[in-house]
Structures are given as structure tokens and as C-alpha cells.
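Me: I would like to go through a few of the labels used for this structure and ask for the reasoning behind each of them.

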Amino acid sequence: MKKIACLLSVVMLGIASLAFAESAPQPELRPIQKVMQARAAWMKAMNENLGARKMVDVARDAGDLSAQAAKVAGGVEGERKELNQKISDLAKAISVSATKGEEDVVKAKLGEIKATCAECHAKFRDKK
């Protein structure tokens, strides 16, 4: 009888631990973090689709990135505005080039976006 009671106690403790572990609240992402996650997803998708020669998908994702970056640029000032606008312009150029099937241009513009992201992160995100 003691073994069963001990086993049941351990099982109940395990279930209670799992219930509390799953209910731990995750911190809400700041709006800029959501923006950056979306951009990272578009960049990853564009690179994968470029490798698979799915230029229609590259053009679509580039158009979405361009629109989002232009919207963000409209709400900020100074260098942040310039960098967001640069991302928007480069993404728009990728969309046009992908529609034309110009893979080399798309690759070059993706590299420019990556460099612009690194520049912005070095100036704003990585400061502590």
C-alpha cells in the first residue's frame, strides 16, 4: 500500500510540475522585435526560394519586405528612416529583378540588404 501511495505522490508531483512549467508566461515581444522576426523570415525564404529557382516566391516575399520597411520608415526619423527606406528600395528592386528572372541581380541585392541590416544592428541594436 505504501508503494502505491508513494508512486501516486511522485506521479502527481510530476504532473503538477509539468502544469506549472507550461503555464510560465512568455514575455511579449516589442513591436520592433516582431518587425525584425518578420524580416528575418522573409530573408530566409528569399534565399531558399532563390536556391530552388522559385522566382515568383522571391518576388512576393521581396514585395512584402519592401512594403513593411516602407511603413516602418514612415514612422521613424533620421538614420533609422534612411536605413529602413534603403531596405524598402532594395527589396523593391529584388521584386522587379526576380520577376524578370535576373538571379545574379537578386543575389547582389540580397547581399546589400544583409549588409544594411548588419549596419543598422551595429548602430542601434548592439549598443548596450
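**Labels and their grounds**

Reply: In this predicted model, Met55 touches Leu50, Ala98, Gly101, Glu102, Glu103 and Val106, leaving aside residues up to four places away in sequence.

Me: Where does Met55 lie, and why is Met55 called buried?

Reply: Met55 has its place in helix 3. The relative accessible area of Met55 is 11%, and buried means under 20%, so Met55 is called buried. As for a pair of positions, the C-alpha atoms of Met55 and Ala108 are separated by 15 Å, with these positions 53 residues apart along the chain.

Me: Why does Ser66 count as buried, and which residues does Ser66 touch?

Reply: Ser66, which is also placed in helix 3, has a relative accessibility of 6%; because the label buried applies under 20%, Ser66 counts as buried. When residues up to four places away in sequence are not counted, Ser66 touches Ser88, Ala91 and Lys92.

Me: What makes Arg53 exposed, and where is Arg53 found?

Reply: Arg53 is found in the loop between helix 2 (31-51) and helix 3 (55-74). With a relative accessible area of 59%, set against a cut-off of over 50% for exposed, Arg53 is therefore exposed.

Me: What is the phi of Arg53?

Reply: The phi of Arg53 is near 60 degrees, which is a positive value in a residue other than glycine.

Technical notes
Residues are numbered from 1 along each chain as its sequence is written. This is a predicted model: local features need pLDDT of at least 70, side-chain atom pairs count only at pLDDT 80 or more; totals for chains, interfaces and linings use all residues. Side-chain values use heavy atoms; hydrogens and water are left out. Helices (H or I, at least four residues) and strands (E, at least two) are DSSP runs, numbered from the N terminus. Buried means under 20% relative accessible area, exposed over 50%, partly exposed in between (1.4 Å probe, protein chains only). Contact means heavy atoms within 4.5 Å.
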